Amino acid sequence: MVDLIMNDILGTPAILVGLFALVGLLVQKKNSGDVVSGTLKTVMGFVILGAGANVLVQSLDKFSSMFDHAFAMEGVIPNNEAIVALAQESFGTETAMIMLFGMIVNIGFARFTPYKYIFLTGHHTMFMACMIAVILRTGGMSGFHLVLLGSIILGAVMVLFPAMLQPYTRKITGSDDFAIGHFGSFGYLVSANVGKLVGKNSKSTEELKVPKSLGFLRDTSVAVSLTMVLLFFVVSAFAGPAFVEAELSDGQNFLVFAFMQGLTFAAGVYIILAGVRMLLGEIVPAFKGIADKLVPNAKPALDCPAIFPFASNAVIIGFFFSFIAGLLSMFLLPLFGLKVIVPGLVPHFFTGAAAGVFGNSTGGRKGAIFGSMANGFLISFLPALLLPILGTLGFQGTTFGDADFGVVGIVLGNIINLVQSNLLITVIVLVILSLFFALGWKSMKKLENSEAA
């Protein structure tokens, strides 16, 4: 029963989001038809989003194989799923307990602090819970103490990180209906601030003037298709027809294969956008029930693709330039004595695209370009710095990919390594979290006042 609840129900993001929608509709005393329809559409929207992500991942895996073969790069490819899968054998129980109680702590913080955000990206909740569990357990904690501290850390970051992004999220969406709950937050925050620095008088990516003869590029699906087909053509040419046709395409001509994979990627983006539209159309109204009854004025914190429809050009620009920064990082990392991080297409697409949207919101085209590049460098250097910490725990060859895992893991890991007393570790962590709550609230109010002025 515990496994059913913790792993199969709470560990399934679509069901987790659907449960929140169900609770929201029930507390609003909606009729049975609206409850069933709203809940199922919410779950369906998340399933559609996941289906689109799977299509993207399959296409990008092939791209990564061609890229690795073409350029013979050896290094670590960050992969959240891989390292969590490795950790589950030894730390599965701690991960599940921290995840469950971390979500409860999240609701408590949202209820009793000014940070009214409930984090609904279930798989990222599990990833962060796993990393926290591994680091605390290796530091000597166990049992109730480990679960309590881990849950507080997880619940805190689940409200703090959406909160620090919310002024920029409001600017992007033009409303305060939802927040971004994705552990690439520091990359997005850096991107938005880089946009402020470099983007004075820069026009939005969505105002790109396209000649009439190229008017078809205004269609997001067409623009994504052409961009990705071109990238696949270039990389497949470097990888060579023999490799592509023998290892990836089952004998299909390498150019035809590249063309179809580029279109497959575009189809994945299209599916994701459709899922986001359905998800937002149902979860925001349903969430009103939780906001009114359980957590007044609460906002759902959703996965990063939720902002993709608000700046579709910035999505492509962000992915492209984040990936370029990842490529440059491969040559820079050895200069600092760090392990080479091979850029993964999946993290660079999702976090790079979101960084492009945040950078565009504050600095237009320049903000999208340089902000997403800053994100690309972050998700290259932070995993490299995190890798030695996880390596001492028995993990080799992979690491967590997105920016927040690097920030939280490096800070927590170094505290564990430097301080031997569990009580002192707890005190230090709680003090740091308290400072973040206080400074974050002060910064939010200052930014809101400047926007109002």
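What follows is a chat between a biologist and a modeller about this predicted model.

Biologist: Before we start, what are the ground rules for the numbers?
Modeller: Residues are numbered from 1 along each chain as its sequence is written, and side-chain values use heavy atoms, leaving out hydrogens and water. The model is predicted, so to speak of local features we need pLDDT of at least 70, side-chain atom pairs count only at pLDDT 80 or more, and totals for chains, interfaces and linings use all residues.

Biologist: How many helices and strands are in the chain?
Modeller: Both are DSSP runs, numbered from the N terminus: helices are H or I with at least four residues, strands are E with at least two. By that rule the chain has 14 helices and three strands.

Biologist: What share of the chain's residues is buried?
Modeller: Buried means under 20% relative accessible area, exposed over 50%, and partly exposed in between, with a 1.4 Å probe and protein chains only. The chain has 453 residues, and the buried share is 53%.

Biologist: Which helix gives the largest share of the largest nonpolar core?
Modeller: A nonpolar core is a set of buried Ala, Val, Leu, Ile, Met, Phe, Trp, Tyr and Cys residues joined through side-chain atoms within 4.5 Å. The largest one here has 126 residues, and Met128, Phe265 and Phe400 are among those with the most contacts inside it. Its largest share, 15 residues, comes from residues 143-173, which is helix 6.

Biologist: Which residues does Met128 touch, leaving aside its neighbours within four places in sequence?
Modeller: Contact means heavy atoms within 4.5 Å. With those neighbours set aside, the list for Met128 is Leu154, Val157, Phe183, Asp404, Phe405 and Val408.

Biologist: How far apart in space are Val76 and Ala384?
Modeller: Both belong to another core, of six residues, lying apart from the largest one. Val76 sits in the loop between helix 3 (32-71) and helix 4, and it counts as buried because its relative accessibility is 3%. In sequence Val76 and Ala384 are 308 residues apart, but C-alpha to C-alpha the distance is 8.5 Å.

Biologist: Is Ser191 buried or exposed?
Modeller: Ser191 is found in helix 7, residues 185-198. Leaving aside neighbours within four places in sequence, its contacts include Ala355, Phe358, Thr362 and Ser372. The relative accessible area of Ser191 is 0%, so the label is buried.

Biologist: Which residue forms a salt bridge with Arg137?
Modeller: A salt bridge is a side-chain nitrogen of Lys or Arg within 4 Å of a carboxyl oxygen of Asp or Glu, and the whole structure has three of them. For Arg137, the closest N and O atoms are 2.5 Å apart, and the partner is Glu94.

Biologist: Why does that pair tie together separate parts of the sequence?
Modeller: Arg137 is partly exposed at 34% relative accessibility, while Glu94 is buried at 16%. Arg137 lies in helix 5 (residues 122-138) and Glu94 in helix 4 (residues 80-112), so the parts tied together have a sequence separation of 43 residues.

Biologist: Which residues are linked in a network of salt bridges?
Modeller: Asp176 pairs with Arg170, closest N and O atoms 3.7 Å apart, and with Lys299 at 3.4 Å. Asp176 is in the loop between helix 6 and strand 2 (179-180) and Lys299 in strand 3 (residues 299-302), so that second pair ties together parts 123 residues apart in sequence. Asp176 counts as partly exposed at 31%, and Lys299 as buried at 14%. The linked residues are Arg170, Asp176 and Lys299.
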